[in-house]
Amino acid sequence: ETIELEEDFVALDDVDDVDDGANEIDDEGSSAENDGGEGPYDATRDLPPWMSEHVNYHQTSHLVALHNEIVSFCRLMEPHPEEMKEREDLVKRFTELAKKVFEGCQVDV
């Protein structure tokens, strides 16, 4: 007997898996996204996305600078309200699917 797998498949949202090469790393270690025609990443000039300006370590404590950078990074990585809503919806859908497929199961997230 042949089982039709498509009947059991729950499609989420369509995702375009288009590879535009924006995140590929070249032989010198720089990425096309980071390059922007200006050459490879330069830690003395370029800043990570969570920093708005270079830190003057002659005027700022190293520990305070590290603390501020960690706080900025956490704020950048914090999920936005729409991301949290998407996550809640996805958890709900998977929970419903698990309970439908595995009757009597308990889903813990």
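Student: Why is Lys 85 called partly exposed?

Tutor: In this predicted model, Lys 85 has a relative accessible area of 48%. Partly exposed covers the range between under 20%, which is buried, and over 50%, which is exposed. The value of 48% falls in between, so Lys 85 is partly exposed.

Student: What makes the contact of Lys 85 and Asp 89 a salt bridge?

Tutor: The side chains of Lys 85 and Asp 89 meet at 3.1 Å, N to O. A salt bridge requires a side-chain nitrogen of Lys or Arg within 4 Å of a carboxyl oxygen of Asp or Glu. The distance of 3.1 Å satisfies that limit, and therefore the pair qualifies. In general, side chains of opposite charge can pair when their charged atoms come close. By this rule the count comes to one salt bridge.

Student: Where do Lys 85 and Asp 89 lie?

Tutor: Both belong to helix α4 (residues 81-101), where they are four residues apart, about one turn of the helix.

Student: Why is Asp 89 called partly exposed?

Tutor: Asp 89 has a relative accessible area of 33%. Because buried means under 20% and exposed means over 50%, the value of 33% makes Asp 89 partly exposed.

Student: What makes Ile 70 eligible for a nonpolar patch on the surface?

Tutor: A patch residue needs over 30% relative accessible area and no salt bridge. Ile 70, at 46% relative accessibility, counts as partly exposed, and 46% passes the cut-off of 30%. Ile 70 forms the patch with Leu 63 and Leu 66, with about 320 Å² of accessible area together. The place of Ile 70 is in helix α3 (residues 62-77).

Student: How do you know that Glu 69 is partly exposed?

Tutor: The relative accessibility of Glu 69 is 24%. Since buried means under 20% and exposed means over 50%, the value of 24% lies in between, and Glu 69 is therefore partly exposed. Glu 69 also lies in helix α3, and its C-alpha atom is separated by 9.9 Å from that of Pro 48, 21 residues apart along the chain.

Student: Which residues line the largest pocket?

Tutor: The lining includes Trp 50, His 54, Asn 68 and Glu 69. The lining residues divide into four nonpolar, five polar and two charged. About 180 Å³ of space lies in this pocket.

Student: How many helices and strands does the protein chain have?

Tutor: The protein chain has four helices and zero strands, and its pattern along the sequence is α-α-α-α. Of its 109 residues, 6% count as buried.

Definitions and conventions
Residues are numbered from 1 along each chain as its sequence is written. This is a predicted model: local features need pLDDT of at least 70, side-chain atom pairs count only at pLDDT 80 or more; totals for chains, interfaces and linings use all residues. Side-chain values use heavy atoms; hydrogens and water are left out. On a 1 Å grid over the protein atoms alone, a cavity is a set of points where a 1.4 Å probe fits but cannot get out, and a pocket is an open set with protein on both sides within 12 Å along at least five of seven lines; lining residues have an atom within 4 Å of a point. Grid points are joined across faces, edges and corners, and a volume is the space filled by probe spheres set on the points. Ala, Val, Leu, Ile, Met, Phe, Trp, Tyr, Cys and Pro count as nonpolar, Asp, Glu, Lys and Arg as charged, and the others, Gly among them, as polar. Patches are made of residues with over 30% relative accessible area and no salt bridge: like charges are joined within 9 Å, nonpolar side chains (Val, Leu, Ile, Met, Phe, Trp, Tyr) within 5 Å. Accessible areas come from the Shrake-Rupley method with a 1.4 Å probe; for residues, only the protein chains shown count as cover. Helices (H or I, at least four residues) and strands (E, at least two) are DSSP runs, numbered from the N terminus. Buried means under 20% relative accessible area, exposed over 50%, partly exposed in between (1.4 Å probe, protein chains only).
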